[in-house]
Structures are given as structure tokens and as C-alpha cells.
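This report describes the ligand site and the enclosed cavities of the structure shown below. The ligand and its surroundings are treated first, followed by the cavities.

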Amino acid sequence: MSPKIRVAVAGASGVTGSSVMNALLATPETFEVTALARPPSLGKQVFVEYSQQGVIVKSVELDGPAGVVAQNLAGIDVVISCLTLRQMKEEMTLVTAAHEAGVSRYVPSFFGPVCPPRGVMLAREMKENILDHVKRLYLPYTIIDVGWWYQLSLPRLPSGKVRVKEEYSTTQIIGDGTNPWSFVDNRDIGKYVARIIADPKTLNKQVFCYSEMWTQNDVYESWGALTGESITRNPITKEELLQIISEGEAEMAHGDLESAAMLKLGMAQYKYLLGIRGDNTPEHAKYLGYLDAKELYPDIVASSFKNYMNDLFTGNIKAPYI
Ligand SMILES: NC(=O)c1ccc[n+]([C@@H]2O[C@H](COP(=O)([O-])OP(=O)(O)OC[C@H]3O[C@@H](n4cnc5c(N)ncnc54)[C@H](OP(=O)(O)O)[C@@H]3O)[C@@H](O)[C@H]2O)c1
């Protein structure tokens, strides 16, 4: 029997992190899992539950010296970051520490839509800055992008039966709503990650994992048909988005990553990328040099968008960040 792959996950309590943790824990014969918890979060129920499932939960201050973080990574094969850009500094430290500890694969927190590296989206450029740091160290890596979550793509229902975190979501029809893009159920992300990190073919490569292609018009139509509710389309034009982007860029000159300006700019750039530029497709991913997870792992069954709609409408799950 081959030895288990020892994996450490930062951001294990978050939405992406939970998807990754669930998938790793589903094959205990393949993975030994460590969760890196920041000290104030150590007592959270999620870490107690991980611990009960055999996860090694370590209290690690990623804001501290890289050398101390590296000690906590001794013997780890793969480090996966599911942090957000608010923790950019912490992720840079984690990269340095992973290098110091000699890990054999680092997965930075990308998990986004297809996007060229520079000049399109600030959020993407910040992620590329992390990758630059990885490459300067010749740290072995894998980039994983996933498209746009189903979970951020449905508008709330007029009845109030389903609520969503509007400010993080594409709850307006962008342009004329006819641009198809790649969607993923965030509950599936972990399934892909578990396969990718065990696969030598994906080392020092980018992999694109998505579930289905939809246009926003079709999404809204299906959501209305399933719920029987009249869904407001509330469109936003290319010109309106460009205006918000230019205001956001001006505000960001004085703002920081925690600021409202960053959220405003970031979301407008995402919407522009998805609905106007149309970057987020498997064809563009191939052009940018990504491997396609559907080709690598044809046996992985992705959840359908209609299944997600149904789960949300029937109250099986809640939209994230609520
Ligand atoms: N493709 C898409 O549609 C899409 C949508 C959303 C997000 N994403 C991407 O997915 C990735 C993860 O985002 P997410 O929304 O899943 O994250 P999230 O749910 O907000 O979770 C963030 C995680 O970071 C941890 N954390 C926060 N501050 C920390 C610190 N100082 N030190 C250590 N850990 C800290 C949190 O842990 P505690 O608070 O428990 O300590 C939590 O586990 C990002 O790259 C994001 O851009 C993609």
C-alpha cells in the first residue's frame, strides 16, 4: 500500500476549505489531514468536529514568523490554501514556510473564474502576485480554478423564502444575459482538489474544474420555473459596470483590502469578466494553458445547477455567507 499523502489546509473552516476538507476526509486511506487553525478560531465547532474525524488540528499564527509556521509543516507533502485575499500577507508567509519545510506541492488560494494573469482584474493580479512568490522560490505548485459558484449566482426570491448575500453575488443580469460561462457547485470543489493533488500530471500546472455552462438568462428562467416566483432581472449594462470600475479604481487609491472600495471594484470587475468580456470558459482556460479536469477525471460526477437550485429552494442548504 502506498503511504498516505500528508496534506495541510489553511482556511479549513471556510466555504472552499470545508469542501476540500470533506473530500479529503472521504478517502482516509489516501490522505492524512492537518488543519491549520488560527489561535482565536481553535475552539470553533468546525475544528472540534474535524478533530473528531481524525484531523490533526494545529494552532498556527500565519501572521507570525515563517520559520515557526515551517516547523508546523514538517513532514507535510501538500499545503492547500483556502484563505481569501484579505489574508494575502498570511498567504505569503505560508508560501515562504512551505518552501522552508520542503513541501512537495503548494496549492495557492485561486479557486476563481478563468482570467488572464494581468490587466483585467485586481483580485486576479493579487493572486498572481502570490504565484510569483511561489515561482521565485521554485516551490512546486498547482493552480486550481473552478469557474463561478452556483452559490453566488441566484437572486433572492421575492417571497423571502431564499435569501442571498447580494454584495458577493451576480444577482443582476449582466449586459443582455446571453454570455455563457462556466459554473461550479462549491460542494464539488473538494472532489476535484483531492484528485488533482494526488496526480503527478498536475504538478506545476494549472487545472480548470467546472461543472456546467449556463447563460444568466437560462439560469433566471430555470430559477423562476422551479420556484414559481416572478424573478426580477434588474439588468446592469457594460457602461454602468465600466463607470463603477473607474470609480472603484479611484477610491482604491485611498482604500485598502478591507475597504468597501475593494468590494465594489472587485465585484464590478468579476461581473465585467463574466458577463461582458466572457473570459470564464473552458476554451479560454485551454488557451491560457490549463488542463481540463473533465478530461483528466471523466469519472467525477459534478452536481447540476438544477440540483443546487432544488436544494436551495427546499431548504436543504443555505446560500453561503448568510
Ligand atoms: N469562484 C468563485 O465563485 C468564488 C467565490 C467565492 C470565493 N472564491 C475564492 O475561494 C477562496 C476562498 O474563499 P472562501 O470564500 O471560501 O473563504 P471564506 O469562507 O471566507 O474562509 C476564509 C478562511 O480563512 C480563514 N482565515 C481568516 N483570517 C485568517 C488568518 N488571519 N489566519 C488564518 N486563517 C484565516 C478563516 O478561518 P477562521 O475565520 O475560522 O479563523 C476561514 O477558514 C478565495 O481564493 C476566493 O477568491 C471563489
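In this predicted model, the ligand sits in the largest pocket. A total of 26 residues surround the ligand, and the closest are S13, R38, S41, K44 and Y321. By class, the shell around the ligand comprises 12 nonpolar, 10 polar and 4 charged residues. Two of the secondary-structure elements that contribute to this shell are helix α1 (15–25) and strand β7 (148–149), each of which supplies at least two residues.

Which protein groups lie at short N/O distances from the ligand, among them S41, Q87 and F111? The table lists three such contacts, with the type of ligand atom and the part of the residue involved.

| Residue | Part of the residue | Ligand atom | Distance |
|---|---|---|---|
| S41 | side-chain N or O atom | oxygen | 2.5 Å |
| Q87 | polar side-chain atom | nitrogen | 3.2 Å |
| F111 | backbone N or O atom | nitrogen | 3.0 Å |

Taken alone, the ligand exposes 920 Å², and the protein buries 86% of that area. S41, whose side chain contacts a ligand oxygen atom at 2.5 Å, is also listed among the residues closest to the ligand. In the contacts of Q87 and F111, the ligand atom is a nitrogen; Q87 takes part through its side chain, whereas F111 takes part through its backbone.

Attention now turns to the enclosed space. How many cavities of 30 Å³ or more does a search of the whole structure find? The search finds 2.

The largest cavity contains about 40 Å³ of space. Its lining consists of G112, P113, M121, A123, R124, K127, D145 and Y270. Helix α5 (residues 122–136) provides the largest share of this lining, with 3 residues. Sorted by class, the lining of the largest cavity has 4 nonpolar residues, 1 polar residue and 3 charged residues.

The second largest cavity has a volume of about 30 Å³. L83, T84, L85, E91, S109, K127 and I130 line this second cavity. Its lining divides into 3 nonpolar, 2 polar and 2 charged residues.

Which residue, K127 or I130, belongs to the linings of both cavities? K127 appears in the lining of the largest cavity and again in that of the second largest. I130, by contrast, is listed for the second largest cavity and is absent from the lining of the largest.

Notes:
Residues are numbered from 1 along each chain as its sequence is written. This is a predicted model: local features need pLDDT of at least 70, side-chain atom pairs count only at pLDDT 80 or more; totals for chains, interfaces and linings use all residues. Side-chain values use heavy atoms; hydrogens and water are left out. On a 1 Å grid over the protein atoms alone, a cavity is a set of points where a 1.4 Å probe fits but cannot get out, and a pocket is an open set with protein on both sides within 12 Å along at least five of seven lines; lining residues have an atom within 4 Å of a point. Grid points are joined across faces, edges and corners, and a volume is the space filled by probe spheres set on the points. Helices (H or I, at least four residues) and strands (E, at least two) are DSSP runs, numbered from the N terminus. Ala, Val, Leu, Ile, Met, Phe, Trp, Tyr, Cys and Pro count as nonpolar, Asp, Glu, Lys and Arg as charged, and the others, Gly among them, as polar. A residue is near a molecule or strand if one of its heavy atoms lies within 4 Å of it. A polar contact is a pair of N or O atoms within 3.5 Å; within protein, one must be able to donate a hydrogen and the other to accept it, and residues adjacent in sequence count only if both atoms are side-chain atoms. Accessible areas come from the Shrake-Rupley method with a 1.4 Å probe; for residues, only the protein chains shown count as cover. A molecule sits in a cavity or pocket if more than half of its atoms lie within 2 Å of its grid points.
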